[in-house]
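Here is a walk through one helix and its surroundings, followed by a few backbone oddities in the loops. Have the structure open as you read.

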Amino acid sequence: MSRLRRTGVRTGVVAAAVVTAALASGCGIRTTSVPVDAGAAPSRVPCSVTGDGVTTQTTGVPVQVFLLCGSQLEEVDRRTPLPEEKADGDPVPTASALLAQLLGDPSESERQAGFSTAVKGPLVVTGGYKGDPPATLRLSRQPEDLTPTALSQIVCTLAHSSAGAGEASVVLGGPGPYPPRRYACTTELKERPESAAPTTALPSPSPS
């Protein structure tokens, strides 16, 4: 008789377990023996500078330069010491002032916002050689010898300034006898500055 009771008890326990599992399944509950840790939410780089701490330069012409942030190029407001009367004249002073901005370290507020620069010196810019197309700028290093990211910063910064050649482009050459080329600052280049900047060969000057 006691054996029958024990058998009945075991049968009842098993049945209760089956019913409990069925109810849990019906309620959409998934059981797991391993605790799930989703981890911290992914951090996002702000890529935005607020307040008056964009730069220590408080006088001069407002300009925009392209810095790296979150693996892309982002525009940052700056001021150059270039006198206003020269801003829309000779492109070389404007290009030199913008290049100096790219060569300098980002401000504290820019660093906190995630900005950096890949442009390293020594590097200067001068005007074109005799026979170069109008608006040509010559760097002290061949453009292709710069890192792709540094060249992308320079191209986009100059192309979107009065030193550019129009249509978001700039005509750049190096110190050698090689002809300059037109470099374009495209949306794709801003999104992937490590890629090669699009270039267009310029027509050779006509013999005089």
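## Around helix α5

T157 sits in helix α5. Keep in mind that this is a predicted model. Is T157 buried or exposed? T157 has a relative accessible area of 0%, so it counts as buried, the cut-off being under 20%. Leaving out residues up to four places away in sequence, T157 touches Q64, V65, F66, L98 and L102.

S152 belongs to helix α5 too, which covers residues 148–159. S152 is buried as well, with a relative accessible area of 0%. Its contacts, setting aside neighbours within four places in sequence, are L73, L189, P193 and S195.

Now for the helix as a whole. How many of the 12 residues of α5 are buried? The number is 11, so α5 is largely enclosed by the rest of the structure. The buried set is T149, A150, L151, S152, Q153, I154, V155, C156, T157, L158 and A159.

## α5 against α3

Helix α3 packs on α5 at an angle of about 140°, and the two axes are 10 Å apart. That angle makes α3 oblique to α5, because over 145 degrees would be needed to call the pair roughly antiparallel. The crossing is right-handed. On the α3 side the contact is made by A95, L98, L99 and L102, and on the α5 side by Q153, I154, T157 and L158. T157 turns up here again, and its own contacts include L98 and L102.

As for burial in α3, the buried residues are V92, T94, A95, A97, L98, L99, Q101 and L102. Both helices have the span you'd expect at 1.5 Å a residue: α5 reaches 16 Å from its first C-alpha to its last, close to the expected 16 Å, and the end C-alpha atoms of α3 are 18 Å apart, in agreement with the 18 Å its 13 residues should give.

## The nonpolar core

In soluble globular proteins, nonpolar side chains tend to be buried together. Here the largest nonpolar core has 36 residues, and those with the most contacts inside it are L137, I154, L158, V170 and L172. Which elements give two or more residues to this core? They are β1 (61–69), β2 (72–80), α3 (91–103), β4, α5 and β5.

V170 is a good one to click on. Not counting neighbours within four places in sequence, V170 is in contact with L137, V155, L158, A159, A163, G164, A165, R181, R182 and Y183. L137 and L158, both on that list, are also among the core residues with the most contacts.

## Backbone oddities in the loops

Away from the helices, a few backbone angles deserve a look. The peptide bond from G121 to P122 is cis, with omega near -5°. P122 is in the loop between α4 (108–112) and β3 (125–127).

Two residues other than glycine have a positive phi, A135 and A168. Here they are side by side:

| Residue | Phi | Loop | Relative accessible area |
|---|---|---|---|
| A135 | about 70° | between β3 and β4 (136–139) | 31% |
| A168 | near 55° | between α5 and β5 (169–173) | 26% |

Are these two buried or exposed? A135 is partly exposed, and A168 is partly exposed. The loop with A168 runs between α5 and β5, which brings us back to the helix where T157 lies.

Definitions and conventions: Residues numbered from 1 in each chain as written. Predicted model: local features only at pLDDT ≥ 70, side-chain atom pairs only at ≥ 80, totals over all residues. Heavy atoms only, no water. Helix = DSSP H or I, 4+ residues; strand = E, 2+ residues; numbered from the N terminus. Buried < 20%, exposed > 50% of the residue type's maximum accessible area, 1.4 Å probe, protein only. Contact = heavy atoms within 4.5 Å. Core = buried A, V, L, I, M, F, W, Y, C linked by side-chain atoms within 4.5 Å. Expected span 1.5 Å × (residues − 1). Axes fitted to C-alpha atoms, helices over the stretch in contact; angles between N-to-C directions. Parallel < 35°, antiparallel > 145°, perpendicular 65-115°, else oblique. Left-handed = near helix turned anticlockwise from the far one by under 90°.
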